[in-house]
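Biologist: I am new to this structure and would like a close look at a single part of it, the metal site. Please take me through that site slowly, and then show me the chain around it.

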Amino acid sequence: MIIKPLEKSKELRIYQALQDRLPFSSQDKTTLQNLQQGYQGETQLESLLTERLSPSVLLLNDLYLQLGTTTFQLDSLIITGDTIFLLEVKHYAGNHKYEEKNWYKLPHQEITNPLLQIQRSESLLRRWLQTHHVHMQVESRLVFTHPQFFLYQAPLLKQFIFSSQLSAFIKSMNRAAPAGKKEREVAQQLVSADLGDYPYPELPAYSFTDLQKGIRCHSCGRLALSSTGWNLTCSQCGAADNMEEALLRHIVELQLLFPDDKLTSKLVYEWSGGIISRKRIKRLLEKHFKPVGEHSWVYYI
Ligand SMILES: [Zn+2]
């Protein structure tokens with residue numbers, strides 16, 4: 001039973017909203033790629049677990065907890081009747097090598113050993129549970145979701161779950177003791193303690209003036225929609241988009257990047273690059289938002 005579904009992090013949403021609006025440095029590109037790759041792995045795992053896990057075990061995704069002055073993030077927890085399984089998801093692609101406790105992406109790029117990461121998370125989770133008077137066993141697993149991932153010299157560790165072993169792992173979870181009232185309370189306690197999004201992501205600097213204006217295509221993600229009467233069409237991939245839906249998505253992106261700016265028809269018009277008339281933008285704002293103020297000073301909430 002899914003108790004807490006996966007949500008796309010604010011950091012990833014901001015990077016995606018800035019894509020094509022700002023020239024990204026190679027570091028920004030890498031960050032966006034890593035965030036997207038991580039999210040893809042977590043989404044794949046969540047849909048598999050939601051589909052196949054028995055309702056007798058509890059699934060919580062994406063928790064961000066605090067212990068004293070330390071904060072830590074957990075990808076997924078499966079709670080059975082006697083154990084909490086902590087799953088750390090890695091969507092690595094391609095060939096890797098494990099050698100003397102070091103981890104390499106072949107041919108020779110050393111990367112952080114994910115076993116160390118999960119050991120730290122497991123220890124912090126165990127201490128968090130002790131602090132909250134929860135006495136349950138904790139076990140951790142590293143789940144490799146990418147079908148094209150291969151690890152040379154993989155040690156025989158029960159922490160590793162490769163994509164071909166996921167089915168067997170899910171079956172073992174379904175055979176475990178079912179979660180009862182006590183475990184559901186623990187799950188609720190964890191959800192209540194969740195801090196939400198990581199508060200200090202490293203983002204590229206941006207300002208309204210510097211960003212490329214335009215409306216993003218829902219299909220290819222490029223800033224390439226142009227008006228064709230009542231609808232919008234993408235000049236890159238040819239997809240058609242409903243004007244109202246596209247404008248609402250467009251406003252979500254604007255408010256995500258500039259949460260402190262007042263929503264006005266002028267601002268939305270500028271943000272769209274002038275491809276939709278202010279009159280239409282005003283009508284849509286009146287339909288979906290509440291006006292505050294009068295005449296040319298009106299803004300929407
Ligand atoms: Zn497109």
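Modeller: What follows begins with the metal site and then widens to the rest of the chain. Please keep in mind that this is a predicted model, and that the values below are computed from it.

At the site itself, a zinc ion is coordinated by the SG atoms of four cysteines, Cys-217, Cys-220, Cys-234 and Cys-237, at 2.3 to 2.4 Å. The angles among these 4 donor atoms run from 106 to 114 degrees, and the site is tetrahedral; the reasoning behind that word is that four donors count as tetrahedral if all angles lie between 85 and 135 degrees. Read along the chain, the donors of the zinc ion follow the spacing C-x2-C-x13-C-x2-C. Within this pattern, Cys-217 and Cys-234 link distant parts of the chain, 17 residues apart, with Cys-217 in the loop between α5 (181–193) and β11 (225–228) and Cys-234 in strand β12 (residues 231–234). As for their surroundings, both Cys-217 and Cys-234 are buried.

Further along the sequence from these cysteines comes strand β13 (residues 240–242), which holds Asn-242. Asn-242 counts as partly exposed, because its relative accessibility is 35%, and buried would require a value under 20%. The C-alpha atom of Asn-242 lies 6.3 Å from that of Leu-232, although 10 residues separate the two in sequence.

It may help to set this part against the chain as a whole, which has 8 helices and 15 strands. The C-alpha atoms of the chain fill a box of roughly 65 × 50 × 35 Å, taken along the principal axes, and of its 301 residues 41% are buried. Among contacts between residues at least 6 apart in sequence, 60% join residues at least 24 apart. The chain exposes about 16,500 Å², and carbon and sulfur atoms supply 50% of that area. The chain carries 34 positive and 31 negative charges, and the mean positions of the two groups are 3 Å apart.

A few other places in the chain also deserve a careful look, beginning with the helical region at lower residue numbers. Thr-31 sits in helix α2 (residues 26–52) and counts as buried, because its relative accessibility is 17%. If neighbours within four places in sequence are left aside, Thr-31 is in contact with Glu-11 and Tyr-15. The loop between α1 (10–18) and α2 contains Asp-20, which has a positive phi of about 75 degrees although it is not a glycine. With a relative accessibility of 37%, Asp-20 counts as partly exposed.

Two further loops show backbone details that a reader can look up in the model. In the loop between β6 (102–105) and β7 (109–111) one finds Pro-107, and the peptide bond that leads from Leu-106 to Pro-107 is cis, with omega near 10 degrees. Gln-153, placed in the loop between β9 (149–152) and β10 (160–161), has a positive phi of about 55 degrees and, again, is not a glycine.

To return to the part you asked about, the picture to keep is of a zinc ion held in a tetrahedral site by the SG atoms of Cys-217, Cys-220, Cys-234 and Cys-237.

Key: Residues are numbered from 1 along each chain as its sequence is written. This is a predicted model: local features need pLDDT of at least 70, side-chain atom pairs count only at pLDDT 80 or more; totals for chains, interfaces and linings use all residues. Side-chain values use heavy atoms; hydrogens and water are left out. Donors are N, O and S atoms within 2.8 Å of the metal (3.2 Å for Na, K and Ca); water is not among the atoms, so sites may look incomplete. Four donors count as tetrahedral if all angles lie between 85 and 135 degrees; four count as square planar and six as octahedral if opposite donors are over 155 degrees apart and all others between 65 and 115; anything else is irregular. Helices (H or I, at least four residues) and strands (E, at least two) are DSSP runs, numbered from the N terminus. Buried means under 20% relative accessible area, exposed over 50%, partly exposed in between (1.4 Å probe, protein chains only). Contact means heavy atoms within 4.5 Å. Accessible areas come from the Shrake-Rupley method with a 1.4 Å probe; for residues, only the protein chains shown count as cover. Lys and Arg count as positive and Asp and Glu as negative; His and the chain ends are not counted. The place of a charge is taken as NZ of Lys, CZ of Arg, CG of Asp or CD of Glu.
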